Amino acid sequence: MGRVLKKLRKISTHGWGYAWLNPQDREWNIVKEPIKAESSSIAEQLIEKKDVFRGTMFLSHIRFATHGRSKVENTHPFQKQLFDKNWVFAHNGALNYMMLKRNFELTKYYPDGQTDSELAFCIILEELKKIGRNATNNKKISTIEDIANKLSEYGGLNFLLSDGDSLFAYHSGYNSLYYVERKPPHQSMIVAKDRDLRISILDKPENERAVIIATVPLTKEKWTRFKPRKLYFFEKGKKEL
């Protein structure tokens, strides 16, 4: 578990969102708004009060819309329930919305908004539903990777997907995606910066591990670049597959 302080800078164009998993009740907390961070009183309070989020999983997203108006239902991260778990999803890239609607059938999961991102999320959940609640992690990984590769034929698809226990990350070849694994002993706080946000991470000084994933390396540590068209699987703060 880490302690995370997030400061949103004032350049997000179409919205911002943040999800973290509460370690006590194992429920996702999601804060998101379809407005510029500079216009958000909530974002301003987080900056001024230096709010601290505690959890075992964190996803953040700043939206530059390609499909769908600036509305809360079009703002990432998205959350939907599959079997007895709540899944969250955040996407970077742009997919052909009309071609997705034409070529993929939905029977259980439907978007609440109008984004290509949430539609892709629903398509992935439909495939996971087919393999059943008792599917092994290896089966989930192969299923998600297969459908992600099909979806990536319609545009850029980098995403983070989590059921609260595991994190699935995919890079289609669009733009870039990197990860770094942090191992004990943890001696100091990391301050990771890019043009959109600033994150300070304080790891507990125990035998706990952490993984950070970002579009570009955010620290001077050695980051590993994702291979295109491959799903990566993380659990308990380390890369498993």
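## Tyr97 and its surroundings

Tyr97 is buried, with a relative accessible area of 12%; here buried means under 20% relative accessible area, exposed means over 50%, and partly exposed lies in between (1.4 Å probe, protein chains only). Tyr97 sits in helix α2, which covers residues 97-103. Helices (H or I, at least four residues) and strands (E, at least two) are DSSP runs, numbered from the N terminus. From Tyr97 to Thr115 is 18 residues in sequence, yet their C-alpha atoms are 7.3 Å apart in space.

This is a predicted model, in which local features need pLDDT of at least 70 and side-chain atom pairs count only at pLDDT 80 or more, while totals for chains, interfaces and linings use all residues. Residues are numbered from 1 along each chain as its sequence is written, and side-chain values use heavy atoms, with hydrogens and water left out.

## The protein as a whole

The protein has four helices and 16 strands. Of its 241 residues, 47% are buried. Contact means heavy atoms within 4.5 Å. Among the contacts with a separation of 6 or more, 67% are between residues 24 or more positions apart.

## The six-stranded sheet

One open sheet is built from six strands in the order β6-β7-β8-β9-β15-β16, with antiparallel pairing. Its edge strands are β6 and β16 (238-239), each of which pairs on one side only. Two strands count as paired if DSSP finds at least two bridges between them. As background, strands of a sheet pair through backbone hydrogen bonds, either parallel or antiparallel.

Take a look at β6 (residues 78-82). Phe78, Lys80 and Leu82 point to one face and are buried, while Gln79 and Gln81 point to the other and are not. That fits the general pattern: in a regular strand the side chains alternate between the two faces of the sheet. Five bridges pair β6 with β7 (residues 85-92) in the antiparallel sense, and Gln79 stands opposite Val88 in β7. At the other edge, two bridges join the antiparallel strands β15 and β16; Phe234 has Lys239 in β16 as its bridge partner.

## Two loops with positive phi

Most residues other than glycine have a negative phi, and most peptide bonds are trans. Which residue takes a positive phi in the hairpin of β6 and β7? Phe83 does, with a value near 55°, and this hairpin has two residues between the strands. Phe83 is partly exposed, with a relative accessible area of 29%.

Lys236 also belongs under this heading: its phi is near 55°, a positive value in a residue other than glycine. Lys236 is found in the loop between β15 and β16. Is Lys236 buried or exposed? Lys236 is exposed, with a relative accessible area of 76%.

## Helices α3 and α4

Helix α3 (residues 116-131) and helix α4 (residues 137-151) have axes that come within 10 Å and cross at roughly 145°. Axes are lines fitted to C-alpha atoms, for helices over the stretch in contact, and angles run from 0 to 180 degrees between N-to-C directions. The crossing of α3 and α4 is right-handed; a crossing is left-handed if the near helix is turned anticlockwise from the far one by less than a right angle, and right-handed if clockwise. On the α3 side, the meeting residues are Ala120, Ile123, Ile124, Glu127, Leu128 and Ile131, and in α4 they are Lys139, Lys140, Thr143, Ile144, Ile147 and Leu151. By class, this contact has eight nonpolar, one polar and three charged residues (Ala, Val, Leu, Ile, Met, Phe, Trp, Tyr, Cys and Pro count as nonpolar, Asp, Glu, Lys and Arg as charged, and the others, Gly among them, as polar).

Both helices also meet the six-stranded sheet. α3 lies across β6, β7 and β8, running at about 15° to β6, whereas α4 touches β8, β9 and β15, and its direction makes about 145° with that of β15. The buried residues of α4 include Ile141, Ala148 and Asn149. Covering the buried residues of α4 are, among others, α2, α3, β8 (158-162), β9 (166-171) and β15 (230-235).

## A three-stranded sheet

A separate listing of strands gives an open sheet of three, in the order β13-β10-β14, with antiparallel pairing. β13 (210-214) and β14 (224-225) are its edge strands, each pairing on one side only. β10 (residues 178-182) pairs with β14 over two bridges in the antiparallel sense, and Tyr178 stands opposite Arg225 in β14.
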